[in-house]
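These are my notebook entries on the model reproduced below. I recorded what I looked up, topic by topic.

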Amino acid sequence: MERQQGEVTADRLERLDPLCDSEREMIKDTWAKVYQNCDDVGVAILIRLFVNFPSSKQYFKQFQQVEDPEELERSAQLRKHSRRVMNAINTLVENLHDGDKMVSVLKLVGKAHALRHKVEPVYFKVRKNQATCLHITITHRHTKATVFPLSLSQILCGVILKVLVEDFPDYITPEVAVAWTKLLDAIYWHVKGVYEEVGWASSSAM
């Protein structure tokens, strides 16, 4: 029997770990600090993505032959695209209490990347049950360090979190990192749902 779209969406949402009010506030507070450095953080995210996952360059023809991170950093085109990434995240953070608005934004993102850019959905993925853990050292003002294990796939969402942790160690505590992981996980699941709705066909598992 064919399943209704609402049933598929409900099943997908049941697999998410929802944000509580305090986690939403933690995300908003930390993002306010991050967004003050919008351009630099966005560039850092894309450069880390290209360096750690060279295959992601296939979707950026203008950068495919650029290997030097410093040359990438000077690119006006890269800065322009990084600003779009940061502005999309900013819109999501601003609407954390408006689920319909978030779904609407992610639907636009998903359709653009599936239909126009042909980006494999795995590049958005966060895997909570990944066998290999990413150990992030979070340095605090009053403690030496806390090692916080994050089980995730370090593609775009993982790269975003890693850059935030490394560049803003005073603000990304273990609790804040958990909240961000939940948000990034939600981004992937909603985008994945859009790919399914548009009939995405790929040899790569989502």
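Entry 1: helices α3 and α7. I began with a question: at roughly what angle do the axes of helix α3 (residues 38–52) and helix α7 (residues 156–167) cross, and within what distance do they come? I noted beforehand that the model is predicted. The axes cross at roughly 125 degrees and come within 9 Å. I therefore entered α3 and α7 as oblique to each other, since the oblique class takes the angles left over once 65 to 115 degrees is called roughly perpendicular and over 145 roughly antiparallel. The handedness I recorded for α3 passing α7 is right-handed.

I then listed the residues that make this contact. From α3 they are Val-41, Ala-44, Ile-45, Arg-48 and Leu-49. From α7 they are Leu-156, Val-159, Ile-160, Lys-162, Val-163, Leu-164, Glu-166 and Asp-167. Sorted by class, the contact of α3 with α7 holds nine nonpolar and four charged residues, and no polar ones.

Entry 2: helices α2 and α8. I next looked up helix α2 (residues 21–35) against helix α8 (residues 174–197), and found an angle of about 100 degrees with the axes 9 Å apart. That places α2 roughly perpendicular to α8. On the α2 side I listed Glu-23, Met-26, Ile-27, Thr-30 and Trp-31. They meet Glu-175, Val-176, Val-178, Ala-179, Trp-180, Lys-182 and Leu-183 of α8. By class, I entered eight nonpolar, one polar and three charged residues for the contact of α2 with α8.

Entry 3: Met-26. I singled out Met-26, which lies in helix α2. Is Met-26 buried or exposed? Met-26 is partly exposed, because its relative accessible area is 23% and buried requires under 20%. Neighbours within four places in sequence aside, Met-26 is in contact with Glu-175, Val-176 and Ala-179. For Met-26 and Glu-175 I recorded a C-alpha to C-alpha distance of 8.5 Å, against a sequence separation of 149 residues.

Entry 4: aromatic residues. I found three aromatic pairs in the structure. One aromatic cluster is formed by Trp-31, Tyr-35 and Trp-180.

Entry 5: the chain as a whole. I counted eight helices and two strands, and wrote their order along the sequence as α-α-α-α-α-α-β-β-α-α. The chain has 206 residues, of which 44% count as buried. Among contacts in the chain with a separation of 6 or more, 71% are between residues 24 or more positions apart.

Definitions and conventions:
Residues are numbered from 1 along each chain as its sequence is written. This is a predicted model: local features need pLDDT of at least 70, side-chain atom pairs count only at pLDDT 80 or more; totals for chains, interfaces and linings use all residues. Side-chain values use heavy atoms; hydrogens and water are left out. Axes are lines fitted to C-alpha atoms, for helices over the stretch in contact, and angles run from 0 to 180 degrees between N-to-C directions. Helices (H or I, at least four residues) and strands (E, at least two) are DSSP runs, numbered from the N terminus. Angles under 35 degrees count as roughly parallel, over 145 as roughly antiparallel, 65 to 115 as roughly perpendicular and the rest as oblique. A crossing is left-handed if the near helix is turned anticlockwise from the far one by less than a right angle, and right-handed if clockwise. Contact means heavy atoms within 4.5 Å. Ala, Val, Leu, Ile, Met, Phe, Trp, Tyr, Cys and Pro count as nonpolar, Asp, Glu, Lys and Arg as charged, and the others, Gly among them, as polar. Rings of Phe, Tyr and Trp (its six-membered ring) pair if their centres lie within 6.5 Å; planes under 30 degrees apart count as stacked, over 60 as edge-to-face and the rest as tilted. Buried means under 20% relative accessible area, exposed over 50%, partly exposed in between (1.4 Å probe, protein chains only).
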